[in-house]
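Have the sequence and the 3D view open side by side. The walk below goes strand by strand.

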Amino acid sequence: MHVHRGMLGWGVFFIVMGAVPLAVRAGVLEASTVGGAWQLWPLLLVGVGAGLVLARTSAAVVGSLIVAVTAGLMAGGLVATGIHGFGDGFAACGLGSGTDGTPFAEQRGTLGTEATVSIRLDCGSVAVASAPGSGWNVSGTSHDGRPPSISSGSDHLDVEPDSVRVRFGSAAGVGWDVTLPRDARTSFDLQVNAGSARGIFAGMRLDRVTADVNAGSAFLDLGEATDARSLDATVNAGSLAVVLPVASMEGSLTANAGSIEICTSAEVDLRFHAGDTPLGSNNFEEAGLVQDGSTWSSPGYELAQHQVELSASANLGSITLNPDGGCQ
């Protein structure tokens, strides 16, 4: 049998990458153990060096195998555990945290009975909370003591970085605190790029909630919201945790080289439609859901008072259900 050396490395890479999450799901390996596989990255340099030293010898394949096994372990750990905390390392794109910035003047306004709130964060951190009444406010810090770009009216509030002032290092010290009113029925749209976000929506009436997390992290607590109708979330190389409300809702979850954790209570029954999951993982069976084809449901779902129905897709990522509501 002749082994094609050019394809050997790729074959070993995919074998190892697939074996790691399988071993975790079978209980052979602990998720906490493989979650630190990224720290093996210096072995990639060792493998490259060995390949150069052993070039044109019968042992030249050793370098390629070192690289393939190491990369497979790192990728397999990512598939098995997602990228929890990955975004925190980018909280200010490596340029300093919000506590290092200069406070800017508080911005205020009011919303009507129905409104759309959109927040886009490029590096830095944002904390979202709620308060009685119809008023909103934005406070915090920036690198130069000036507020973010804000567009507002009775039916909308948009908060985003000021593109005019974006430059290298401008993310240092960015930390926003956004307070939203409980009187308005709100559609909430969050986009986090290489930053971190935390939102607690107690007492709010939420219509549509969307989250787009790219190389960052976000935590959304909808548990104390008085209503929420839909949730659509996409994570690319980052992590997201969501606490579901005691309400019926629908939506979609997509994790691309990232992780999504869903926390809920016994008062809510769930149904997941598992779409394409190439090299992805979930724990629906371990969480007590019953499988029917590509659908996973809580026992007695059809008779439940509060039904949450979500499509779920994990591509080189993970979607985890925590029925004990333990998201932080």
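In which sense do strand S2 and S6 pair, and over how many bridges? Strand S2 (residues 114–122) pairs with S6 in the parallel sense, over four bridges. Keep in mind that this is a predicted model.

Two of the residue pairs are easy to find. Val-117 has Leu-157 in S6 as its bridge partner. Ile-119 is matched with Val-159 in S6.

Now turn to strand S5. Residues 149–153 make up S5, which pairs with S6 over five bridges in the antiparallel sense. A hairpin of two residues joins S5 to S6. Look for Gly-153, whose bridge partner in S6 is His-156. In general, strands of a sheet pair through backbone hydrogen bonds, either parallel or antiparallel.

Stay with strand S6, residues 156–160, and follow the side chains. They alternate along the strand. Leu-157 and Val-159 point to one face and are buried. His-156, Asp-158 and Glu-160 point to the other face and are not buried.

Next, place these strands in their sheet. The sheet is open and has eleven strands, in the order S5-S6-S2-S8-S10-S12-S14-S20-S16-S19-S18. Its pairing is mixed. S5 and strand S18 (290–292) are the edge strands, and each pairs on one side only. From one strand to the next, the twist averages 10°.

There is also an open sheet of ten strands. Read its order as S1-S4-S7-S3-S9-S11-S13-S15-S21-S17. Here, too, the pairing is mixed. Strand S1 (102–110) and strand S17 (281–282) stand at the edges. Each has a single partner strand, so one side of each is left without a neighbour in the sheet.

Within this sheet, go to strand S9 (residues 196–200) and strand S11 (residues 217–221). These two strands run parallel and are joined by five bridges. Ile-200 stands opposite Asp-221 in S11.

Finish at the edge strand S17, where Asn-282 has its place. Is Asn-282 buried or exposed? Its relative accessible area is 18%. Buried means under 20%, so Asn-282 counts as buried. The side chain of Asn-282 also has a polar atom 3.2 Å from the backbone nitrogen of Phe-284.

Methods. Residues are numbered from 1 along each chain as its sequence is written. This is a predicted model: local features need pLDDT of at least 70, side-chain atom pairs count only at pLDDT 80 or more; totals for chains, interfaces and linings use all residues. Side-chain values use heavy atoms; hydrogens and water are left out. Two strands pair if DSSP finds at least two bridges between them. Buried means under 20% relative accessible area, exposed over 50%, partly exposed in between (1.4 Å probe, protein chains only). A polar contact is a pair of N or O atoms within 3.5 Å; within protein, one must be able to donate a hydrogen and the other to accept it, and residues adjacent in sequence count only if both atoms are side-chain atoms. Axes are lines fitted to C-alpha atoms, for helices over the stretch in contact, and angles run from 0 to 180 degrees between N-to-C directions.
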